[in-house]
Amino acid sequence: MTAFFPWLIFSAVIGTGLNAGLFFIFSVCIMGALARLPAEQGIAAMQAINVVILNPLFLLVFMGTAVLSLVLVAGGFIHGGPARFYLVAGGLLFLGGVLAVTMAANVPLNNTLEALQPGSDEAVRLWSSAYLIDWVRWNHVRTLSSIGAFGCFVMAFRAA
């Protein structure tokens with residue numbers, strides 16, 4: 001297991017990097033572009049994104065990184081060494097700041113938006129208030145948490 005451990009860390013580096021890039025592009029580009037569209041079009045586009053993103057490759061990277069994070073937190077406590085802090089910090093950043101935030105904040109908003117007709121008054125109200133403000137704010141948390149986890153796992157890989 002000890003010889004395999006650096007490969008687990010390296011895989012977490014790749015996974016957190018991919019997630020950070022995805023969340024970053026939503027924070028700095030995609031949501032701003034959707035906000036510039038008429039509400040009905042922005043809502044319809046986001047509904048389409050929320051359907052398309054749930055594909056096997058995304059789920060493998062997202063959930064695989066969560067599993068790796070959990071394994072590496074445990075590994076940090078079991079194996080110790082100079083990488084311990086970085087393993088635990090990186091894993092907790094991803095699990096708390098990405099996985100938990102996604103499940104508690106972003107997914108419920110996605111599900112609520114999905115259930116609405118893009119042109120309805122309720123959808124437009126949700127879009128302009130909760131979605132373009134709250135969803136985006138929580139996405140910023142996911143972005144920063146992914147970047148932090150990435151940096152921690154890079155440092156852990158260097159120390160391993």
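**View 1. The buried face of helix 2.** In helix 2, the buried residues (under 20% relative accessible area with a 1.4 Å probe, protein chains only) are Gly 42, Ile 43, Met 46, Gln 47 and Asn 50. Looking down the helix 2 axis, you'd find these buried residues within an arc of 135 degrees, so they line one face; the arc is taken from the directions that run from the helix axis to the C-beta atoms. Flip to the other side of helix 2 and you meet Val 51 and Val 52, which are exposed (over 50%). Helix 1 (5–36), helix 4 (84–114) and helix 5 (121–159) are among what covers the buried residues.

This is a predicted model, so to speak of local features pLDDT must be at least 70, and side-chain atom pairs count only at pLDDT 80 or more, while totals for chains, interfaces and linings use all residues. Residues are numbered from 1 along each chain as its sequence is written, and side-chain values use heavy atoms, with hydrogens and water left out.

**View 2. Helix 2 meets helix 4.** The axes of these two helices (lines fitted to C-alpha atoms over the stretch in contact) come within 10 Å and cross at roughly 120 degrees, on a scale from 0 to 180 degrees between N-to-C directions. Contact here (heavy atoms within 4.5 Å) involves Ile 43, Met 46, Gln 47, Asn 50 and Val 51 of helix 2, plus Asn 110, Leu 113 and Glu 114 of helix 4.

**View 3. Ser 69 in helix 3.** Ser 69 sits in helix 3 (residues 56–79). Its relative accessibility is 0%, so Ser 69 counts as buried. Setting aside neighbours within four places in sequence, Ser 69 is in contact with Gly 91, Phe 94, Leu 95 and Phe 153.

How values were computed. Helix = DSSP H or I, 4+ residues; strand = E, 2+ residues; numbered from the N terminus.
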